[in-house]
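Biologist: I should like a close look at one part of this model, namely the paired strands. Please follow the pairing from strand to strand, and then place that part within the chain as a whole.

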Amino acid sequence: MQSRHRIFAEDLLLAAEGEDHFDRVPDSLVLIIFNKLADARSLGRCSAVSRRFNALVPLVDDACLRIDRVITDAADAEDAFGLAGPRPRLSHLLKSMLLAVLKPFSHCDAKSAAAHGKHAAPLQHHSPAQVLKNFSSIRNLRMELPVSDVGTDDGVLLRWKAVFGSTLQSCVILGGTKVDRAGPHAHAPAPAADPEAAGDDSGGIPESFYTNGGLKLRVVWTISSLIAAATRHYLLREIVKEHPTLDRVALTDAQGQGTLSMCREQLKEFRDKPLAAAAAANRTQVPACNMKLRYAPLLELSDGTRIHGATLVVIKPVGEAGGIGGGRKELDEFVADAFDGPFREAVGMLSKRRTYLLEMNGF
């Protein structure tokens, strides 16, 4: 309920001019403008302009929420996720990986006001669900995290896209150990120092891939991407529950590393079925999965981009015929459309390579 003492900008304008000419613009046109604007914080500011805007902003169909601040430090994250205390056998690598994946979700806030004076009250930060609570008719929601979830070395390519319902339905991961561009007069790839660069054109994986840590690296990429996707999925539980009008949700990051996607069917399943949470972390449990891995020592794309150690991993839960609630055709379409630009071309090229099957237990 709005306070009767709240002062809108229109009250001052009406007092000065006696008429609000913006009232001549129909509500339907104002809503089109608001839907084009989409940014949740900008819409919040618009709601303070006038009583009319205050009534129309909650009716928008499209909203985008950019989470632009992370205030957690490593010690807070350890306490929050149970990593502190007498667990000396927990490896530093695993601990660092979990912190890197989970840290962006610990404290998500709206922009903070500046502190006044030396003894100002602590800044208040709001969860995404709190920021979106006044929007009653959202159909398409896009959320953007400030940083990517999985840390990689400079020059390493890692992109993923996952579809969830109440649990994982499908995931596609595109990776490469190095990305560069061919010279303007390059006609053939020069010999590379990368030990994975040696291979044949038949689509087979060279023996060195298994002995120099290449396969282990892909396993780390796969597990880290799935943990990131499952953590994002867990973050959405309250938002999906409180917004039954949602038809589509996408949760991505500013670097474009990964995207969690849910459409109407997945959202309905998410609401209707209980969420299986992982025992030791704030994320959804990942089920046992089948994986198809395709590899190319070097991909040269039409725009001159070269991907060394290019790898495509397609994941679906054990027992699912095709993933994403459909058959093989739907899964193939999902994989082909997962990425844009040169990475879309890379997926198409890798899809023609020899397929290697792997299995993974749930975690």
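Modeller: Two strands are taken to pair if DSSP finds at least two bridges between them. The model is a predicted one, and what follows should be read with that in mind.

A suitable place to begin is strand β8, which covers residues 289–300. It runs antiparallel to strand β9, residues 305–317, and 11 bridges join the two. These strands form a hairpin in which four residues lie between β8 and β9. Within that turn, G304 has a positive phi of about 95°.

Strand β8 is also paired with strand β10, residues 356–360, again in the antiparallel sense, here through five bridges. Residue N290 illustrates how β8 is engaged by both neighbours. Its bridge partner in β9 is K316, while its bridge partner in β10 is E359.

The pairing can be followed further from β9. Five bridges join β9 to strand β4, and these two strands also run antiparallel. At this junction C171 stands opposite I315 of β9. Strand β4 spans residues 168–176, and nine of its nine residues are buried, so the strand is largely enclosed by the rest of the structure. The cut-off behind that statement is a relative accessible area under 20%.

Strand β4 in turn pairs with strand β3, residues 157–164, over eight bridges in the antiparallel sense. L158 has G175 of β4 as its bridge partner, and a hairpin of three residues joins β3 to β4. Read in order, the pairings lead from β3 to β4, from β4 to β9, from β9 to β8 and from β8 to β10.

To place this part in context, the chain contains 13 helices and 10 strands. Of its 363 residues, 43% count as buried. Among contacts between residues at least 6 apart in sequence, 73% join residues at least 24 apart. The chain exposes about 19,600 Å², of which carbon and sulfur atoms supply 54%.

Among the helices, α2 offers a view of both buried and accessible side chains. In this helix, residues 27–37, the buried residues are V30, L31, F34 and N35. Seen down the helix axis, the buried residues of α2 fall within an arc of 140°, so they line one face. An α-helix has 3.6 residues a turn, so residues three or four places apart point the same way. The cover over the buried residues of α2 includes α3 (40–46), α4 (51–56) and β1 (62–66). I33 also has its place in α2, yet this residue is partly exposed, with a relative accessible area of 46%. Together with L29 and I32, I33 makes a nonpolar surface patch of about 270 Å². Just after the helix, A38 takes a positive phi of about 65°.

The charged side chains complete the picture, with a count of 11 salt bridges. One of them joins R232 to D253, the closest N and O atoms being 2.9 Å apart. R232 lies in helix α9 (residues 214–235) and D253 in strand β6 (residues 248–253), so the pair ties together parts that are 21 residues apart in sequence. R232 is buried at a relative accessible area of 0%, and D253 is buried at 2%.

Another salt bridge links K178 and D180, with closest N and O atoms 4.0 Å apart. Here K178 is partly exposed, at 44% relative accessibility, whereas D180 is buried, at 18%.

A further salt bridge brings together the side chains of D272 and K268 at 2.8 Å, N to O. D272 is exposed, with a relative accessible area of 52%, and K268 counts as exposed at 52% relative accessibility. Both residues lie in helix α11 (residues 264–272), four residues apart, which is about one turn of the helix. Elsewhere, salt bridges that share partners join R139, D247 and R264 into one network.

Definitions and conventions: Residues are numbered from 1 along each chain as its sequence is written. This is a predicted model: local features need pLDDT of at least 70, side-chain atom pairs count only at pLDDT 80 or more; totals for chains, interfaces and linings use all residues. Side-chain values use heavy atoms; hydrogens and water are left out. Buried means under 20% relative accessible area, exposed over 50%, partly exposed in between (1.4 Å probe, protein chains only). The arc is that of the directions from the helix axis to the C-beta atoms. Contact means heavy atoms within 4.5 Å. Patches are made of residues with over 30% relative accessible area and no salt bridge: like charges are joined within 9 Å, nonpolar side chains (Val, Leu, Ile, Met, Phe, Trp, Tyr) within 5 Å. Accessible areas come from the Shrake-Rupley method with a 1.4 Å probe; for residues, only the protein chains shown count as cover.
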